Structure formats: structure tokens, C-alpha cells
Amino acid sequence: MTFTTAVLAAAACLCGVAPERENDFFWENDKVGFRAYGPGNYHVWSGVDLFNKMPDAEATCGEVLHNHDKCGNWHVKPFKGILDNYTIGASRGVGGVALFGDGEWKTYPVWEKCEVEECGDSRCVFKLVYPSFCALGRMTCRITLVKGSRFFRNEVSFEFPDRLREFRVGPGLDVEPKRDHKGDLWEDASLGIVSLFEDAKNDVEGSTMTAIVMDPKDAGGVQIMTDRMNCRVLSVHKPSFAYYAGGAWSKAGEITTPEQWREEVRRFRDGLAVPQ
């Protein structure tokens, strides 16, 4: 999907494929940005990458999508209020789906098909379809990101749900210290939450905050497991499920302490439990 300058300036939510970035799929709003590796990327795993953003910075929505790797080294210094300092590697990152079956961890490769359903000022909605590589067949992720939210929603389904009896599945959150994902870890299986406020690396990068939250309707029976990449996984035994994943950045100035991030995650989860 290609966007004009006018659309970029007006949109508060945006998503699409970046051909200049090996067909990775990006989605972002005024708070945060994300990426899923796509066809042609030498990274062959299905984790979710995160981009830190400062609200009300000079960057328009779309800066991550269209300017990634064009602005100097914004891994170590912000570009228009955006910093690409999250290390994902082969991990689940922030909410990538993990599977456990046959006594081992399995992860899908990069997505093979995408479909944008909606892309506008209030929200973006799209699907990423991951190729069949195990007994569950293809995996479909229907992702929604709304304006002003730090979390995207992912509705996950599988091609052969009847075979799920062999698996436990769910989102993972990277907590590997070697990838600088260490700090204040909070997890509660009864609430379906794993949250991490990372230690500050330096004055420029500050602290990154991440969390995964199972939809309350799917939180029953959650077990927190650790996969082979040291990601904490909110695993369930369900043919389909929904969860939320997201983050924040201390340099944005809105949340700056572990206690504040825990309260933000708890408040978000409590809001999901309120009947709509």
C-alpha cells in the first residue's frame, strides 16, 4: 500500500508494506510503532519489533514506515523523536506468537500474505498470514491499532484448529538480558500479564517498556512458559485467541518509572475486563 504526503500528514494511524525495507510490514500510531519481517528479509522469524516514539514530536505518522534505514543511524540517536533501539533477534520480541508441541518450541517464519482492511485517522486494521510449517497449518493474525493506544490487538487463528490439542500457543515477551531486555519484570498468570520495564542503557536511549496482555475472555487456563530464546510466553490451549502487546518509552516523558508502567498495564487490562 502506497500513501501520499497528504495522507501521511493527516493520518494518526498507518500501516503497510515497506518495499525498501525488504517488504517488512509496519504499523504505527501517535504513541508507538511496530514491524513484522516480510518476504525477502534475511531474518526468517516471526517476532514483533518495536519503535519508540515521542508523542507530539516533529515526525508525522508514517515516518517509521517510509523512512526506516534512510535517516542515518537512528539505532543510537533519535530521528524526529523516533528511536529504533529495540533488539529483537530471533526472539518473539513484543508479542510474537510461540508454539509448544512435541516437546519443543516452534515459531512460524515470516508472513507470506498481508491484507489491509482499514487505515485511517482513528485506527488501522490488517491481516498477516503466516505459511504452514507444522500441524496447525497457516496462522492468521488480525491486528488492530487505534489512535492514542500503546497496545495493538491481535486476533490469532489457525488453519487446522482441531489439531491444537497437540500444542500450547500464545504471545511471547523477550526478557533476555543479553539482548538488553532486563529490568523490572512483572508477570501474573491469573491476569494474563507479562510486563517489563527495562533498565536504562544511557541518557539518550532511556528505558523501554513492553508488555503482553491476554484478552480477559481468553485468560482462563493461561500458563506462563519460557521458550528457547528466553521469552516469557502466555500460553493457552485454545483454537483461537486474542491478546494485546505494546510498549512505551521513558524519554517520551509520560511514563518514567517501573511503578508507573505497572499501573499503566494494570489499568489497561482492567479496562478490557469492563463489559463494552
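**Group meeting: strands and cores**

Let's start with one pairing: Val129 in E9 has Thr140 as its bridge partner in E10. Keep in mind that this is a predicted model.

Now the two strands themselves. E10 covers residues 139-146, and 8 bridges join it to E9. The two run antiparallel.

E9 has another partner. Strand E8, residues 113-119, pairs with E9 in the antiparallel sense too, over 6 bridges. How many residues make up the hairpin that joins E8 to E9? The hairpin goes through 3 residues. Look for Cys119 there: its bridge partner in E9 is Cys124.

Is E9 mostly covered or mostly open? Mostly covered: of its 8 residues, 123-130, 6 are buried.

Next, the open sheet. Five strands form it, in the order E1-E2-E3-E4-E5, with antiparallel pairing. Which strands stand at the edges? They are E1, residues 14-18, and E5, residues 82-83. Each has a single partner strand, so one side of each is left without a neighbour in the sheet.

Take the E1 edge. E1 is joined to E2, residues 24-28, by 5 bridges, and the two run antiparallel. One pair to find on screen: Ala18, whose bridge partner in E2 is Asp24.

Last, the cores. The largest nonpolar core has 48 residues. Which of them touch the most other members? Trp27, Leu136, Phe158 and Val169 do. There is also a second, separate core, with 14 residues. Among them are Phe197, Met209, Val213 and Trp261.

Conventions: Residues are numbered from 1 along each chain as its sequence is written. This is a predicted model: local features need pLDDT of at least 70, side-chain atom pairs count only at pLDDT 80 or more; totals for chains, interfaces and linings use all residues. Side-chain values use heavy atoms; hydrogens and water are left out. Buried means under 20% relative accessible area, exposed over 50%, partly exposed in between (1.4 Å probe, protein chains only). Helices (H or I, at least four residues) and strands (E, at least two) are DSSP runs, numbered from the N terminus. Two strands pair if DSSP finds at least two bridges between them. A nonpolar core is a set of buried Ala, Val, Leu, Ile, Met, Phe, Trp, Tyr and Cys residues joined through side-chain atoms within 4.5 Å.
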